[in-house]
Protein chains: 2
Amino acid sequence: MIKIALDMMGSDFGAVEFIKGIKMYLAENKEVQFICCGNKEELKELEGLERVEILPTTEIVPMKTDVLKFLRMKDSSMYRALELVKEGTCQGLVTAGSTGGFLAGSTLMLKNVKGVNRAGFCAPFPTAIKGKQTCILDIGASNTNTGEELVTFAKLGSIYAKEILHIASPSVYLLSNGAEEGKGLEETKEAYEILSNQSDVNFLGNVEARDCLDGHHDVIVSTGYPGNIFLKATEGCAMMMNGMIKKAFKRNLLSKIAYLFAKKGFVEMKETMDYRKTGGAILLGINGVAIKTHGNSDAKFFYYSMDLAYRMIKADIVSKIGEAFKDEKR
Amino acid sequence: MIKIALDMMGSDFGAVEFIKGIKMYLAENKEVQFICCGNKEELKELEGLERVEILPTTEIVPMKTDVLKFLRMKDSSMYRALELVKEGTCQGLVTAGSTGGFLAGSTLMLKNVKGVNRAGFCAPFPTAIKGKQTCILDIGASNTNTGEELVTFAKLGSIYAKEILHIASPSVYLLSNGAEEGKGLEETKEAYEILSNQSDVNFLGNVEARDCLDGHHDVIVSTGYPGNIFLKATEGCAMMMNGMIKKAFKRNLLSKIAYLFAKKGFVEMKETMDYRKTGGAILLGINGVAIKTHGNSDAKFFYYSMDLAYRMIKADIVSKIGEAFKDEKR
């Protein structure tokens, strides 16, 4: 039986969507058990469900949290969920709560896998090719990173793509301001040099931000700050354009009829770009499976997050990372 | 009479589209004169045109150019165009050629305005609000910048928005990984501190990448590397989604009819997002008006670029920058 801790607080919609997602997932997967941390009242609906345990907590980690603040909130749903992983009761957790709290808490409480110099916050993105994902890390666990840390991210992303996305030899690229060698930050150039002289990952050079989501790049490595800018620039642009498409179809009766005629294609587009199916962002390189979904996740997104946690635990990804880094002197 | 140097080489389509754009623009603006630098054969069509002078050149600056390479190409169209500005024959130039060559050449040959510690490469973006632009700088003249350089960018962008976009008191933001104070790179935090204690620009805090193009931010300041990532991430996402929209409408006969019904709204969307109307990217803070358009610019884009150069010269923006920076100790 696989046991996953769920931080039920911190979602924009309270626990309602999370609970729906849990019910959907339990109906499909008989091999999973949940410990749900959160406000007792809000979780009433889960009482008596098979394979669900409730762990009542009293605090919620606020959106803006620093490390010290987080560590004082010992009865928060997020702290308790992390504790369950730390003590080995659960093998992973899912949260929609504070990103700052999640990153600080996961790193401090679960600690890096031996040999990993820096954990990487990894976002799988949907791409132009339906069903094909691209993993980008780091998307903001750090601001800056050394060249060696970028090499670590390359290895972590590669293991993820291999074990979870089942790509035999994932292609790995460095995000840069030009595709040719010699472009980018000093640390990018340093990582380029190291990656060119190793055989652990299938390193294929630099990639520019405009090509990242074409579906032909499996793993893309970046320092945290530009990675975060990439994530949010893409998110903002997609939101803006989706809003414009909606507006164009809602213009008048004729355009509304047009939507009915063109619906199939636009549903296909929506499905291709559906980031909920990626399951959320993952902190890779720590002792446990730790997944952060959007604050505004709906039941479907939570469903995919729990499934991702399940698949990562099932694939024993933490041990595989340990194996890959066992010879690093740290 | 306003004189503008045109680097006619380096566009993906040869000089064809540029020439079309020149003819369009000359017909509308009787106060402008062009000196066209380029291959004599390619420019034959311009011979005998009123207010057009041809300056034959023999070399083309290749896409990948470093400073030394550029400086040796004294008979390249780009070098000659810059020379015309340097010697005062022209007040500005437009090029669709190598970005590396453009940045190196403009900075070295035209030099920074007195008091400007770093020129900023500024891209005006279309936003969700039709006709409303957001200026983002630096988008890649530098990789990294100091806090003080970011303050310079804030002033430069503010002058541009005031003089060229006619915004009385442009709102200025720092691009960061969180909207609250204290987020971002060390240099962002340093700039935040300085900008909070001055009255030259209307500084309103940090902005996240996802909100940059909502139409409510006039000037957004970033170090060059993440600025470049933002530019290209947005470009890539918009291209991807435009491709998907096209595909959705081309699916079958019914969807093709749907396009006819919904056309007005989608034309409106296209117009709102039309980056050609921004005129291209501008290197701000040097002694001359220097505009870089896309390598794949069409006649319309060139038209807007020449108009932007004209308006910047007409507004005497270089003198205004000089005035604003005259008390800087440099």
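In which helix of chain A is the place of A:Ile321? In this predicted model, A:Ile321 belongs to helix H10 of chain A, which comprises residues 317-324. The residue has a relative accessible area of 2%, and because buried means under 20%, A:Ile321 counts as buried. Beyond its neighbours up to four places away in sequence, A:Ile321 touches A:Val113, A:Val116, A:Leu156, A:Ile159, A:Leu284 and A:Gly285. A further relation concerns A:Asn287, which is 34 residues from A:Ile321 in sequence, while the two C-alpha atoms are 9.5 Å apart in space.

One of the residues touched by A:Ile321 is A:Leu284, and this residue leads into the sheet of chain A. A:Leu284 lies in strand S10(A), where A:Gly120 stands opposite it. The strands concerned, S5(A) and S10(A), run antiparallel and are joined by three bridges. They form part of an open sheet of eleven strands in chain A, with the order S3-S2-S1-S4-S11-S10-S5-S6-S9-S7-S8 and mixed pairing. Strand S3 (52-56) and strand S8 (202-208) of chain A stand at the edges; each has a single partner strand, so one side of each is left without a neighbour in the sheet. From one strand to the next, the twist averages 25 degrees. In general, the strands of a sheet pair through backbone hydrogen bonds, either parallel or antiparallel.

The parallel sense is seen in another part of this sheet, where S1(A) and S2(A) pair over six bridges. Within this pair, A:Asp7 stands opposite A:Cys37 in S2(A). Six of the seven residues of S2(A) are buried, so this strand is largely enclosed by the rest of the structure. Helix H9 of chain A, residues 299-314, lies across strand S1 (2-7), strand S2 (32-38), S4, S10 and S11 of chain A. Its direction is at about 140 degrees to that of S1(A).

Another helix to consider is H4 of chain A, residues 99-110. Its twelve residues reach 16 Å from the first C-alpha to the last, close to the 16 Å expected at 1.5 Å a residue. At the start of H4(A), a side-chain oxygen of A:Ser98 reaches to within 3.4 Å of the backbone nitrogen of A:Gly100. Just after the helix, A:Lys111 takes a positive phi of about 60 degrees. The buried residues of H4(A) are A:Gly101, A:Phe102, A:Leu103, A:Ala104, A:Gly105, A:Ser106, A:Met109 and A:Leu110. What covers them includes helices H2 (67-72) and H3 (77-86) of chain A, together with strands S4 (92-95), S5 (120-126), S10 (281-284) and S11 (289-292) of that chain.

A loop residue offers a further point of detail. A:Asn145 is found between strand S6 (133-137) and helix H5 (147-163) of chain A. Is A:Asn145 buried or exposed? With 4% relative accessibility, A:Asn145 counts as buried. Its side chain is joined to that of A:Ser142 by a polar contact of 3.1 Å. A polar atom of the A:Asn145 side chain also lies 3.0 Å from the backbone nitrogen of A:Gly224. Leaving aside residues up to four places away in sequence, A:Asn145 touches A:Arg118, A:Leu150, A:Phe153, A:Glu187, A:Thr223 and A:Gly224.

Attention now turns to chain B. This chain has an open sheet of eleven strands in the order S3-S2-S1-S4-S11-S10-S5-S6-S9-S7-S8, with mixed pairing. Its edges are strand S3 (52-56) and strand S8 (202-208) of chain B; because each has a single partner strand, one side of each is left without a neighbour in the sheet. Strands S1 (residues 2-7) and S2 (residues 32-38) of chain B run parallel and are joined by six bridges. One of the partnerships is that of B:Lys3 with B:Gln33 in S2(B). Helix H1 of chain B, residues 16-28, lies across S1, S2, S3 and strand S4 (92-95) of chain B, and runs at about 170 degrees to S2(B).

Finally, how are the two chains related? A turn of 180 degrees with a shift of 0.0 Å along the axis lays chain B on chain A with an RMSD of 0.0 Å. That is the relation of a two-fold axis. In chain B, the C-alpha nearest this axis is that of B:Ala258, at 2.0 Å. Of the interface residues of chain B, 100% are also interface residues in chain A, so the copies meet through the same surface.

Key
Residues are numbered from 1 along each chain as its sequence is written. Chains are lettered from A and ligands numbered from 1 in the order in which they are written. This is a predicted model: local features need pLDDT of at least 70, side-chain atom pairs count only at pLDDT 80 or more; totals for chains, interfaces and linings use all residues. Side-chain values use heavy atoms; hydrogens and water are left out. Two strands pair if DSSP finds at least two bridges between them. Helices (H or I, at least four residues) and strands (E, at least two) are DSSP runs, numbered from the N terminus. Contact means heavy atoms within 4.5 Å. Axes are lines fitted to C-alpha atoms, for helices over the stretch in contact, and angles run from 0 to 180 degrees between N-to-C directions. The expected span of a helix is 1.5 Å times one less than its number of residues. Buried means under 20% relative accessible area, exposed over 50%, partly exposed in between (1.4 Å probe, protein chains only). A polar contact is a pair of N or O atoms within 3.5 Å; within protein, one must be able to donate a hydrogen and the other to accept it, and residues adjacent in sequence count only if both atoms are side-chain atoms. Copies are superposed by least squares on the C-alpha atoms of residues with pLDDT of at least 70 in both.
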